[in-house]
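User: I'd like a close look at one part of this model: the strands and the helix packed against them. Can you walk me through what sits where, in plain language?

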Amino acid sequence: MSDSSGSTMANEAHIESTAPPRLVQWARGLELTLALAAVGSGVLTYAALTGSSPFGPDPQTVINLLLVDLVLLLLLGLVVSRRLVRLWMERRRGSAGSHLHTRMVKLFSVVAVVPTIIVAVFSVLFLNFGVEGWFSERVRTALDASVAVAEAYSKEHRNQIRGEVLAMAGALNRQAGELRNDPARLRQVLATEAAIRNIPEAIIFQRNSTVLARAGLPFSMEIGLGNLTASIERAAQGEVVVLTASNDERVRALIRLDRWVDAYLYVGRLVDADVLVHAGQTRSAVAEYQRLESERTEIQVRFVLIFIVVALLLLLASVWVALLFASRLINPVSALIQAAERVRGGDLSARVPEGPEDDEVASLSRAFNRMTSQL
């Protein structure tokens, strides 16, 4: 029974020793390159996720990295599975050192895997806490307050110019009888009313776009009279129409002059352009925030799945490193066991490979070789 086991192990050692060295080196180099690529891809994916803004990373970059991760995950899974199957078969056959090899693999795997699991768990928890922080009540309150401030600024200017145009219309209506037939006097009164109320542009026009009087520099207002058809209809019903545009730095108001024949007062005032721009940006940011808040669960699930893929990639790389180191430590021991069986069977020419000078296992191999030489 012992002779048969020794003969089997000797045959296995012979087969391994006759394997092409270049093929073995090429396979090991390929495995090492694959493991390094897996670690690098996992680190890059993690960096792309954690280094991104609260509104998410670049989707195309993450998708590309995730595809690379999946390919490396499959390839590394094949490499690790191949080594694990080989270890299982060696243990089933009762190969020399297989039990010790298995224990070493378990030990190194636990040492390598536990930190990876801890990092992955903390990453998921950090993500969840981060997402909750992004959508916290304080952030929501701050954004709502920003929108409220922007709306209040615009509303203040609209209310103010509404009051100014009502006051100007009242003054013009009271003097309608004497101003209707005196264009020069009409222009003077309009300019005076506009200056008192700090209105830089004002015109009085009829529905057919005939300008009766102007004050300030209302050139852009006159050019746009043809686009006021809907607003004129509203003003004709007695409404004070306030006009604003997101890309314009003015707020304007239109009102019908009751004591005039088909005449309308159209005034405009400059608004701080920077405030309007910031207000528009604030509204866009709040709209994007609300959209992301509605997709919060989907974002969390997506990020967790990506973290799981990265964690599996690093886990397989860690297990491969554990298998590699365990094999490097156990192979000399297995060779010594096989050589000892050959010596016990009467083959005094059995020798084991000797490693570097400063290695303890190599010292044991050299001592064994000296012993068999003396025998």
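Analyst: Here is a walk through that part, starting with how far to trust the model.

This is a predicted model, with residues numbered from 1 along each chain as its sequence is written. Local features need pLDDT of at least 70, side-chain atom pairs count only at pLDDT 80 or more, totals for chains, interfaces and linings use all residues, and side-chain values use heavy atoms, with hydrogens and water left out.

The chain averages a pLDDT of 75 (the predictor's confidence in each residue, from 0 to 100), and 79% of the residues score at least 70. Confidence is highest in β1, at 92, and lowest in helix α1 (residues 2-17), at a mean of 40. Over residues 1-19 the pLDDT is below 50. There are 12 helices and five strands in the chain; helices (H or I, at least four residues) and strands (E, at least two) are DSSP runs, numbered from the N terminus.

Now the strands. β3 (241-244) and β4 (250-257) pair in the antiparallel sense over four bridges, where pairing takes at least two DSSP bridges between the strands. β4 and β5 (263-270) also run antiparallel, joined by eight bridges. Val-251 in β4 is a handy landmark: Thr-244 stands opposite Val-251, and in β5 the bridge partner of Val-251 is Arg-269. Six of the eight residues of β4 are buried, so this strand is largely enclosed by the rest of the structure. Buried here means under 20% relative accessible area, exposed over 50%, and partly exposed in between (1.4 Å probe, protein chains only).

β4 and β5 form a hairpin with five residues between them. In that turn, Asp-262 has a positive phi of about 50° although it is not a glycine, and at 34% relative accessibility Asp-262 counts as partly exposed. Ser-209, in the loop between β1 and β2 (211-216), is also not a glycine and has a positive phi of about 75°; at 37% relative accessibility, Ser-209 counts as partly exposed.

Next, the helix. In α9 (residues 229-236), Ser-231, Ile-232 and Ala-235 are buried. Seen down the axis of α9, the buried residues fall within an arc of 100° (taken from the directions from the helix axis to the C-beta atoms), so they line one face of the helix. The background is simple: an α-helix has 3.6 residues a turn, so residues three or four places apart point the same way. On the other side of α9, Thr-229 and Ala-230 are exposed. What covers the buried residues includes β1 (201-206), β3, β4 and β5, with contact meaning heavy atoms within 4.5 Å. α9 is followed by Gly-238, whose phi is positive, near 95°.

Last, the rings. Rings of Phe, Tyr and Trp (its six-membered ring) pair if their centres lie within 6.5 Å; planes under 30 degrees apart count as stacked, over 60 as edge-to-face and the rest as tilted. The count comes to two aromatic pairs. Phe-205 and Tyr-266 form an edge-to-face pair, 6.3 Å centre to centre with 70° between the planes. Phe-205 lies in β1 and Tyr-266 in β5, so the pair ties together parts that are 61 residues apart in sequence. Both of these residues are buried, and ring pairs link Phe-205, Tyr-264 and Tyr-266 into a cluster.
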